[in-house]
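Colleague: I'm new to this one, so could you walk me through it, starting with the pockets and then the helix packing?

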Amino acid sequence: MIQVQARTEPSTLMTFASPFLAIVLTLIFGSLLFTALDKDPLQALHVLLILPLSDAYNISEMLVKMGPLLLCAVGLALCYRANMWNIGAEGQLLAGALGGSTVALMFVDSNSAFAMPLTLLGGIVSGMAWAGIATFLKVKFNSNLILTTIMLNYIALYLLIWAVHGPLRDPEGFGFPESALFSDSTLLPVLSDSGRVHLGVVFAIVLALFAWFLLAKTHLGFKIRVYGADEPAAIYAGYNAKAISWFVMLFAGALAGLAGVSEVAGPIGQLTPNVSPGYGYSAIIVAYLGRLHPAGAIVAAIFLAILYMGGDLAQIEMGIPIAVVGMFQGILLFFLLACDFFIRYRIVPSREKMA
């Protein structure tokens with residue numbers, strides 16, 4: 001017989017080993033899944049994990065997917081470090097895409113130098129405003145942040161769908177639910193001739209490093225970490241709980257909004273109903289896989305972006321359903337949480353004698 005026993009201190013070994021162990025268990029599960037689908041597991045894993053890094057174009061496409069994942073994950077990491085359980089990165093991303101597109105469409109026939117900065121600002125402010133709704137409800141009425149942010153995700157999605165079928169639909173688009181193409185003055189510059197990687201990826205990496213500096217090297221970051229670790233102690237020390245909550249949520253909303261507007265002003269070039277394949281939800285996995293550390297989120301975002309890219313290639317090369325990638329992500333989070341359990345607990349032989 002065995003029993004679960006709480007550790008006197010969190011296990012340092014499991015803290016670092018948990019993400020790697022979760023990845024290994026996910027790969028084992030994936031191999032069994034591919035075998036059940038009558039696919040060669042080694043070939044499938046090669047297509048899923050290696051082929052996305054096989055040439056410059058695939059690497060470029062992987063980086064395009066990494067950008068929004070990283071931006072959303074960094075914001076979520078700060079929220080979770082402050083015990084603000086924001087599940088609304090997807091809605092904030094969509095709000096950013098909608099707000100940025102609204103501004104971009106004002107410059108369709110313009111070559112103004114202010115077009116791109118104002119478009120980005122429109123996306124950032126829209127993401128912050130969407131995060132601010134849930135924050136206000138939490139601070140003012142102590143509402144459940146998880147529930148409100150999830151519901152706001154769906155409201156943002158249907159608001160975007162309404163916009164592309166209504167006021168933002170291209171009048172010359174033959175009835176298709178999409179906006180007019182943005183002008184070149186509003187589009188983010190492409191960094192490479194061999195792919196679509198754009199300036200938004202640079203924004204993501206720079207802001208991740210900035211968030212790491214903020215969290216690790218500033219007094220505000222110290223307040224966030226203390227507040228998340230022990231809220232009563234932080235309040236006793238005089239920290240303004242509401243100010244910390246507002247800051248991390250608005251910061252996360254700004255990054256998610258930037259991710260959304262970077263998608264429509266980057267690789268897409270217009271507003272469509274399919275702005276995001278679920279980047280905001282996958283960013284939760286990225287945040288935890290990166291140990292809620294902005295620098296760790298960079299590595300985790302690359303890994304999830306490889307899975308996204310590999311999923312597209314696996315569908316093309318081997319006929320594997322794209323839903324398998326979503327299953328991979330879910331199983332990865334499951335194993336990560338299961339492995340994290342052993343950071344604070346361990347399995348020991350039971351001392352109770354059987355009757």
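**Pockets, cavity and helix packing**

Colleague: How much space lies in the second largest pocket?

Modeller: The second largest pocket holds about 180 Å³ of space. A pocket is an open set of points on a 1 Å grid over the protein atoms alone, with protein on both sides within 12 Å along at least five of seven lines, and its lining residues have an atom within 4 Å of a point. Grid points are joined across faces, edges and corners, and a volume is the space filled by probe spheres set on them. Please keep in mind that this is a predicted model, where local features need pLDDT of at least 70, side-chain atom pairs count only at pLDDT 80 or more, and totals for chains, interfaces and linings use all residues. Residues are numbered from 1 along each chain as its sequence is written, and side-chain values use heavy atoms, leaving out hydrogens and water.

Colleague: Which residues line the second largest pocket?

Modeller: Its lining is made by E61, V64, K65, R196, E263, P267, I268, N274, V275, S276, P277 and Y279. Two helices, α3 (56–81) and α10 (241–268), each supply at least two residues of that lining; helices here are DSSP runs of H or I with at least four residues, numbered from the N terminus. By class, the lining has 6 nonpolar, 2 polar and 4 charged residues, where Ala, Val, Leu, Ile, Met, Phe, Trp, Tyr, Cys and Pro count as nonpolar, Asp, Glu, Lys and Arg as charged, and the others, Gly among them, as polar.

Colleague: OK, and the largest pocket: how much space lies there, and which residues lie nearest its centre?

Modeller: About 760 Å³ of space lies in the largest pocket. It is lined by 21 residues, and those nearest its centre are T15, Y288, R291, D340 and I343. The lining draws at least two residues from each of α1 (12–36), α11, α12 and α13, and it divides into 14 nonpolar, 3 polar and 4 charged residues.

Colleague: Those last helices keep coming up. At what angle do α11 and α12 pack?

Modeller: Helix α11 (residues 279–289) packs against helix α12 (residues 294–318) at about 135°, with the axes 8 Å apart. Axes are lines fitted to C-alpha atoms over the stretch in contact, and angles run from 0 to 180 degrees between N-to-C directions. The two helices are therefore oblique to each other.

Colleague: Which residues meet there?

Modeller: Y279, S282, I285, V286 and L289 in α11 meet A297, A300, A301, F303, L304 and Y308 in α12, contact meaning heavy atoms within 4.5 Å. That contact of α11 with α12 has 10 nonpolar, 1 polar and no charged residues. Y279 also belongs to the lining of the second largest pocket.

Colleague: And how do α12 and α13 pack?

Modeller: α12 and helix α13 (residues 323–344) pack at about 155°, with their axes 9 Å apart. That makes α12 roughly antiparallel to α13, since angles over 145 degrees count as roughly antiparallel, under 35 as roughly parallel, 65 to 115 as roughly perpendicular and the rest as oblique. Here F303, L304, L307, Y308 and G311 in α12 meet V325, F328, Q329 and L332 in α13, which divide into 7 nonpolar, 2 polar and no charged residues.

Colleague: Switching topic, how many cavities of 30 Å³ or more does the structure hold?

Modeller: There is 1 cavity of that size, a cavity being a set of points where a 1.4 Å probe fits but cannot get out. The largest cavity has a volume of about 40 Å³. Its lining consists of F34, L48, G311, A314, I320, P321, I322, V324 and V325, with α12 and α13 as the elements that give two or more residues. By class, the lining of the largest cavity has 8 nonpolar, 1 polar and no charged residues.
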